[in-house]
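Trainee: Could you take one buried polar or charged position in this model and go through its surroundings closely? Please set it against the rest of the chain.

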Amino acid sequence: MKSTRAILAFAVLASACSMSSSSGGPIEAFDSTPLSVVTTDSGSYALRIFGPASGVLRGLDTLRIVITTSSGVAADNLDVVVVPWMPAMGHGASVVPSVEAVGGGAYVATDVALFMPGTWQLRITIDATDAAVANVAID
């Protein structure tokens, strides 16, 4: 009986891990507390950056960026680019993150390479005309 329950629990867990979003990508669980909250250089947008519920770790991470206008309206249909940069070392990462709009002003950045401990900057560009920098600490 115990082995049947264990198999059933494993099947449920495996099925949950393989779920996909409407765009075909995996569903990621994100922390409810933002890693960083910043405003773009122009003041047009506010950004809240969320890490995985399991925590941001050294290596490749997936981040959720929620963007609103200065008046608090969800900002969709933006071209968002994320570049990880480590100012203490004067370099970025060789892996280029992908950013996908998921609706409601939310964007998911995958393959964010934070491969060394220390403070990283996420240099975020919006529509190639506005930018913000968010700091993320990696242990």
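Mentor: The answer goes from the whole chain to the core, and then to single side chains.

This is a predicted model, in which local features need pLDDT of at least 70, side-chain atom pairs count only at pLDDT 80 or more, and totals for chains, interfaces and linings use all residues. Residues are numbered from 1 along each chain as its sequence is written, and side-chain values use heavy atoms, with hydrogens and water left out.

The protein has 1 helix and 9 strands, taken as DSSP runs numbered from the N terminus (H or I, at least four residues, for helices; E, at least two, for strands). The helix comes before the strands in the sequence pattern, α-β-β-β-β-β-β-β-β-β. Of the 139 residues, 31% are buried, meaning under 20% relative accessible area with a 1.4 Å probe and protein chains only. For contacts (heavy atoms within 4.5 Å) between residues at least 6 apart in sequence, 51% join residues at least 24 apart.

The largest nonpolar core holds 25 residues, and Leu47, Ile49, Ile67 and Leu122 touch the most other members. Such a core is a set of buried Ala, Val, Leu, Ile, Met, Phe, Trp, Tyr and Cys residues joined through side-chain atoms within 4.5 Å. Strands supplying at least two core residues each include β3 (59–69) and β8 (118–126).

The part to look at closely is Asp61, which sits in strand β3. Asp61 is buried, yet it has no salt bridge, that is, no side-chain nitrogen of Lys or Arg within 4 Å of its carboxyl oxygens. The nearest side chain of opposite charge belongs to Arg58, 9.2 Å away; in this count Lys and Arg are positive, Asp and Glu negative, and His and the chain ends are not counted. The Asp61 side chain does reach a backbone nitrogen, that of Leu57, at 3.3 Å. Leaving out residues up to four places away in sequence, Asp61 touches Pro52, Gly55, Val56, Ala109, Thr110, Asp111, Val112 and Leu114.

For reference, Gln121 lies in strand β8 and is buried, with a relative accessible area of 17%. The Gln121 side chain makes a polar contact of 3.0 Å with the side chain of Arg123. A polar contact is a pair of N or O atoms within 3.5 Å; within protein, one must be able to donate a hydrogen and the other to accept it, and residues adjacent in sequence count only if both atoms are side-chain atoms. Beyond four places in sequence, Gln121 is in contact with residues including Trp85, Pro87 and Asn135.

Definitions and conventions
Buried < 20%, exposed > 50% of the residue type's maximum accessible area, 1.4 Å probe, protein only.
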